[in-house]
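Please open the model in your viewer and keep the sequence panel beside it, since this tour moves from one selection to the next and asks you to look before reading on.

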2 protein chains.
Amino acid sequence: MQTERDKSVIQSKSISNDDLELIKLISEKIRIACNIASGELQLHEPSFEGNEWKYVKDCLDSGWVSSVGKYVDAFEAKLCEITGSKRAIAVSNGTSALHIALRLAGVLPGEEVLVPSITFVATANAISYVQAIPHFVDSSVSNLGVCPLKLKAWLKCSTKVEGDSLINTATGRRISALIVVHVLGHSADLDAIQEVCEEFHLKMIEDAAEALGTFYKGRHVGNDGILSCLSFNGNKTVTTGGGGAILTNDETIGDLAKHITTTAKIPHSWNFFHDQLGFNYRMPNINAALGLAQLEKLPEFLSRKRKLAEAYEKVFSNIEGVQFFKAPVYSNSNHWLNALLLKEGILEALLDCTYQQQIFARPLWTPMHKLPMYVNCPKQKLDNAEWLFKTLLLFPAAQN
Amino acid sequence: MQTERDKSVIQSKSISNDDLELIKLISEKIRIACNIASGELQLHEPSFEGNEWKYVKDCLDSGWVSSVGKYVDAFEAKLCEITGSKRAIAVSNGTSALHIALRLAGVLPGEEVLVPSITFVATANAISYVQAIPHFVDSSVSNLGVCPLKLKAWLKCSTKVEGDSLINTATGRRISALIVVHVLGHSADLDAIQEVCEEFHLKMIEDAAEALGTFYKGRHVGNDGILSCLSFNGNKTVTTGGGGAILTNDETIGDLAKHITTTAKIPHSWNFFHDQLGFNYRMPNINAALGLAQLEKLPEFLSRKRKLAEAYEKVFSNIEGVQFFKAPVYSNSNHWLNALLLKEGILEALLDCTYQQQIFARPLWTPMHKLPMYVNCPKQKLDNAEWLFKTLLLFPAAQN
């Protein structure tokens, strides 16, 4: 007998009976895996079981909730300790971190910046903020990051090197940088990508918004780019309410990043003098207080997320038409979100089904080259991106 | 006998003995006034004596600290109630509010925007963010806002109207908007300025960052501009840690402001699709929770600030060479910061003296046309701005 739920799926899509059975099986398995792990069916749910209250209350009691206060410094120091990066600059969110990273990498208006089409929209938007043009590249189906082989082949056939500059032969514009994105917390293949960047005179920036706690061949991500970005939005492994950070191993860039994200004011006991165009991207002290308490719990959060990934892998190990997406072998991933690779044609109906059961799964972001503001941007053939968008299901990973 | 303090003042400046006596007298009077009022000598100090902890704790307990949650909606509704504005959109800070206001007012790259040279740097920076050029105008010595008379005279002699556009005859660029700033919480002369804007086809935006609780002829500031901006930084009358808001009485603009400050995502149960270039300027729920509790106390904060201003006025009523800066008669000011107009030549030495006594006074911001990034921008003669910068002392107003 068909339930109401089944009917709605059948009505909305032309799905075979076999696929309908598969969809029901998968959604049931997700439910089982979630229950094994935690009983939580939200995609993301932060956990506040450490010093969050204590630190936030200390902020309120001391009156230091805003731009001055000890928690921003402590939060930044803790980030350096965790990532091994020389400098961490706390900012208002991952988007502002990306904006400043591109600015300080020296990307100029009218230049192109290579960026995977599979990413959250902020990565492409940040390129627009510096009046540069996103140039979309394809993703690897094994790690979801920029595919170094496809990147190299594309640059070979579509660009030329003039002096120290890489020129897009079709548009005549300089291509100055590449943003590597560590998608779902899995590390991109940094060594191979770095090699391409060197060959083609590209500056590398890492968007590690989803990847706090992820290591690539033993080093924490965010240390290979000139500048890298983290996010502490509410859906991330660690949250500050809203927040982000810029990482860099260059002290001069670190100083400048701090300076221009805090209005470029020259320190003085009473004068307000700003020596260049600055931004108000600082993280308020109250948000840093929350974040510090969260960072203290990071090892626990990561351990739970890894256990959850293992549970999912087990549950989905023997179902035809479905494959649990495993972290690449070189990556000790934070498993920010878990994913299934599905056979083609069932994703939308499965999402409909899980949604009705209040399991909040979702697909990847709509690829950037499909968004109206980026539809005319330069791009390579994006077969993998389009295939991943049609076949990848992201599902509950709430395990903080 | 000279104290160490006196010597340092004398050494650093060539100050007459009479002026030195005056400086000592003023700094003593500031101390007395502060003590009368509260005993506080900080320029700004937030007060958390209402529901701050209750609401913030509720955020932590519920897990909703970030971009989703009830406090942002409640905070926005309360702002509408207080200001009488149809729409209030909570954002990350006053700077981002200004950026979006200029964008939604339709200011285009390469256009000029009129702005007083006497303002916090964010006002001019926001103009740069939309790739427009600040065009500095002078301030009124009676209310510290844009001087409508000088503005009109300047536009008459330096611009021409072509169709619906105002053109700067010297640069050939269109001048599309004027930002009115309500400096120190005192309202600018909105009616007179509005009249000039109409005559010269200028869109008006209000920077009311410092002016929550300030009324102009009975209406709350921020209702005359197409869009207006508030700030809730830690130094403001009401704080959210870091935060701001966009006000507008145009529902369509209000919808768009909410949309593009929250990444321009089209609402959908699982898909991530963004229909235009958006920004991540949302105010996190935890900051809105703090802000809501603060807004509930606004009447008390304002009442205390007004009493403090009265205390200051009394203390400084009979000293030659010093004049307490009174709010303009048409303005029911929030008295965000109090100020003294000093005789010329003593400001720097007085600041040195108060600083050594740990009274945190300060001058106005360095006028924008003196900052390296804006030194070559178009401007009218800025006599008042330069005089105010040399003679105005801002001093402790912590009275939340």
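Two strands are said to pair if DSSP finds at least two bridges between them. With that in mind, and remembering that this is a predicted model, select β15 and β16 of chain A, which pair in the antiparallel sense over 2 bridges. If you label single residues here, you will find that A:Arg362 has A:Leu394 as its bridge partner in β16(A).

Keep β16(A) selected and add strand β14, residues 338–342 of chain A, which runs antiparallel to β16(A) and is joined to it by 4 bridges. Which residue of β16(A) is the bridge partner of A:Ala339? It is A:Leu394, the residue that also serves as the bridge partner of A:Arg362.

Now show the side chains of β16(A), residues 392–395, and turn the view from one face of the strand to the other. In a regular strand the side chains alternate between the two faces of the sheet. Here A:Leu392 and A:Leu394 lie on one side, A:Leu393 and A:Phe395 lie on the other, and all of them are buried, so that both faces of β16(A) are covered.

Next, move to helix α7 of chain A, residues 148–158, and colour A:Pro148, A:Leu151 and A:Leu155, which are buried. Looking down the axis of α7(A), you can see why they line one face of the helix: its buried residues fall within an arc of 60°. To find what covers the buried residues of α7(A), add β3 (133–137), β4 (159–162) and α8 (190–199) of chain A, which are among the elements involved. Then turn to the face of α7(A) that points away from its buried side, where A:Leu149, A:Lys156 and A:Cys157 are exposed.

Finally, show both chains together. A rotation of 180° with 0.0 Å of shift along its axis superposes chain A on chain B, with an RMSD of 0.0 Å, and that is the relation of a two-fold axis. The same surface serves both copies, as 100% of the contact residues of chain A recur in chain B.

Select the contact itself, which takes 52 residues from chain A and 52 residues from chain B. On the side of chain A that touches chain B, the elements giving two or more residues are α3 (52–62), α6 (121–129), α10 (285–296), α12 (347–356) and β15 (362–363). The largest share of that side, 5 residues, comes from α3(A). Coloured by class, this side of chain A shows 23 nonpolar, 23 polar and 6 charged residues.

Note on methods. Residues numbered from 1 in each chain as written. Chains lettered and ligands numbered in written order. Predicted model: local features only at pLDDT ≥ 70, side-chain atom pairs only at ≥ 80, totals over all residues. Least-squares fit on C-alpha atoms with pLDDT ≥ 70 in both. Contact = placed C-beta atoms within 7 Å. Nonpolar A, V, L, I, M, F, W, Y, C, P; charged D, E, K, R; others polar. Buried ≥ 20, exposed ≤ 12 C-beta atoms within 10 Å, placed from the backbone. Arc of directions from axis to C-beta.
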